[in-house]
Amino acid sequence: MQKIAVLGLGKVGTLAAELLHATGFSVTGFDAHAVPGLPFETRQIDVGDGAALEAVLKDFNSVLSCLPYFLNIGVATSAHNLGLHYFDLTEDVPTTKAIQELAKTSRGIMAPQCGLAPGFVGIVGAHLIDAFETCRSCRMRVGALPQNPTGLMGYSFNWSPEGVVNEYLNDCEVLEDGEIKWVSPMEWIEKIVIGGIELEAFTTSGGLGTMCETYKSRVPNMDYKTMRYPGHVQLMNFFFHELLMRDRRKEAGEILVNAKPPVSDDIVFVHVSAEGEINGRMQRKEFVRGLKPVEIAGQERTAIAWTTASSVVAIIEMVREGTLPDHGFLKQEDVSLETFLKTHNGARYNA
């Protein structure tokens, strides 16, 4: 699987391609626009043209999609038809379910949701659950935020606006008292403090990946929430529901990015906890991090870019090394945290 095509050369896609190149893969990057100055070949392509995409991808062993979620089913279908390994970063639940169906007859591995959340956070959650004889709950929280917030919203759009709007508006899968349920987004608000910094957490869509189905008979209570600075969720509920921007998703994303453009000084908070019994005693285990920008290949990379790119490239490393399967559907909860952290790129999470 040495020859890999990376589709979408935004900040995360470009960094993922650079990390793959530095890890010994033969990389070609594809984007709708010319992207010069990278240490690997790049080409322009319209990924919406399925026939053209398949004609290009037939020369590769694997494909990594760093495209907006709504393009991934087409890419995954092309990868399936050609027998390629497929990886993406999607948080979209219908997209993942479609890829699960493709995986039933795939000749390569089909591995969506390989980013931060879903992705790394599920690997951590599974690791904590396995520490207990019986586990009563697992709570996963992630927030990608500016280190120095301004304004009432306290936010900057360092991530795809399409992805953020999708997470804020789509229903959320949870486990409650042993049953899979769907709940509204931007609810179940709670206070979390990490390193003295107060945050609020609220339900958002997609962060659990396939974990509810995997753990429905083992962990009665499980949910995923996004973390923001206090006051954010109230403003977002006003924007989307009282102003009816929920019916104009594309415009909503454009307005929000224009108001709160990306910053370079960001921070990714990860807070995963699980509770259960060990040797007959109720205990709680936590994995808590505040991850900041790091320098990679002589450039400072934002926290959201390096955490997301490092996660998916670590998974690709593991498939190459044979520590993960080479066909079928990959659930993030089936990935060993210990092995992940020993990969060249997963090791960045040890900081």
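Student: Which elements each supply at least two residues of the lining of the largest cavity?

Tutor: Keep in mind that we are looking at a predicted model. The largest cavity has a volume of about 250 Å³, and its lining is made of 18 residues. Among those elements, two are strands and two are helices, and each supplies at least two residues: strand E7 (134-146), H6, strand E12 (221-228) and H10.

Student: Which residues lie nearest the centre of the largest cavity, and how does its lining divide by class?

Tutor: Of the 18 lining residues, Leu-116, Ala-117, Trp-159, Glu-167 and Ile-304 lie nearest the centre. By class, the lining of this cavity comes to 11 nonpolar, 4 polar and 3 charged residues.

Student: How many cavities of 30 Å³ or more does the whole structure hold, and which strand gives the largest share of the lining of the second largest one?

Tutor: A search of the whole structure turns up 3 such cavities. The second largest has a volume of about 70 Å³, and its lining includes Cys-172, Glu-173 and Val-174. The largest share, 3 residues, belongs to strand E8 (residues 172-176).

Student: Let's turn to the pockets. What is the volume of the largest pocket, and which residues lie nearest its centre?

Tutor: The volume is about 710 Å³. There are 33 residues in the lining, and nearest the centre lie Gly-10, Lys-11, Cys-66, Pro-68 and Ser-160.

Student: Which elements give two or more residues to the lining of the largest pocket?

Tutor: The lining of the largest pocket divides into 19 nonpolar, 9 polar and 5 charged residues. The elements that give two or more residues to this lining are helix H1 (11-22), strand E2 (26-31), helix H6 (161-169) and helix H10 (303-321).

Student: Which helix gives the most to the lining of the second largest pocket?

Tutor: This pocket has a volume of about 200 Å³, and among its lining residues are Tyr-69, Phe-70, Arg-249 and Lys-250. Two elements give two or more residues to the lining, H6 and helix H9 (249-259). With 5 residues, the helix that gives the most is H9.

Student: Now the sheet. What is the order of the 7 strands in the open sheet, and which are the edge strands?

Tutor: The strands are paired in the parallel sense, in the order E3-E2-E1-E4-E5-E6-E17. Each edge strand pairs on one side only, and these are strand E3 (41-44) and strand E17 (328-329).

Student: How many bridges pair E4 with E5, and what is the bridge partner of Leu-64 in E5?

Tutor: Strand E4 (residues 62-65) and E5 run parallel and pair over 4 bridges. One bridge partnership links Ser-62 with His-85. For Leu-64, the partner in E5 is Phe-87.

Student: Through which helix does the chain cross from E4 to E5?

Tutor: This is a β-α-β crossover, and it is right-handed. The helix on the path from E4 to E5 is H3 (residues 72-82).

Student: On the other side of E5, which residue in E6 does Phe-87 stand opposite?

Tutor: E5 and strand E6 (residues 109-111) run parallel and are joined by 2 bridges. In E6, the residue opposite Phe-87 is Ala-111. The chain gets from E5 to E6 in another right-handed β-α-β crossover, passing through helix H4 (residues 93-103).

Student: Which residues of E5 point one way and which the other?

Tutor: All the residues of strand E5 (residues 85-88) are buried, whichever way they point. One way go His-85 and Phe-87, and the other way go Tyr-86 and Asp-88.

Student: Is Ser-65 buried or exposed, and with which side chain does it share a polar contact of 2.4 Å?

Tutor: Ser-65 sits in strand E4. Its relative accessibility is 0%, so Ser-65 counts as buried. The side chain of Ser-65 reaches the backbone nitrogen of Leu-67 at 3.4 Å. The side chain that shares the 2.4 Å polar contact with Ser-65 belongs to Asn-72.

Student: Last one: how many of the 10 residues of helix H5 are buried?

Tutor: Helix H5 (residues 120-129) is mostly covered. Its buried residues include Phe-120, Val-121, Leu-128 and Ile-129. Of the 10 residues, the number buried is 9.

Note on methods:
Residues numbered from 1 in each chain as written. Predicted model: local features only at pLDDT ≥ 70, side-chain atom pairs only at ≥ 80, totals over all residues. Heavy atoms only, no water. Buried < 20%, exposed > 50% of the residue type's maximum accessible area, 1.4 Å probe, protein only. Pairing = 2+ DSSP bridges. Right-handed = clockwise from strand over helix to strand, strands pointing away. 1 Å grid on protein atoms, 1.4 Å probe; cavity = no way out; pocket = protein on both sides within 12 Å on 5 of 7 lines; lining within 4 Å. Points joined across faces, edges and corners; volume = space filled by probe spheres on them. Nonpolar A, V, L, I, M, F, W, Y, C, P; charged D, E, K, R; others polar. Polar contact = N/O pair within 3.5 Å; in protein donor to acceptor, adjacent residues only side chain to side chain.
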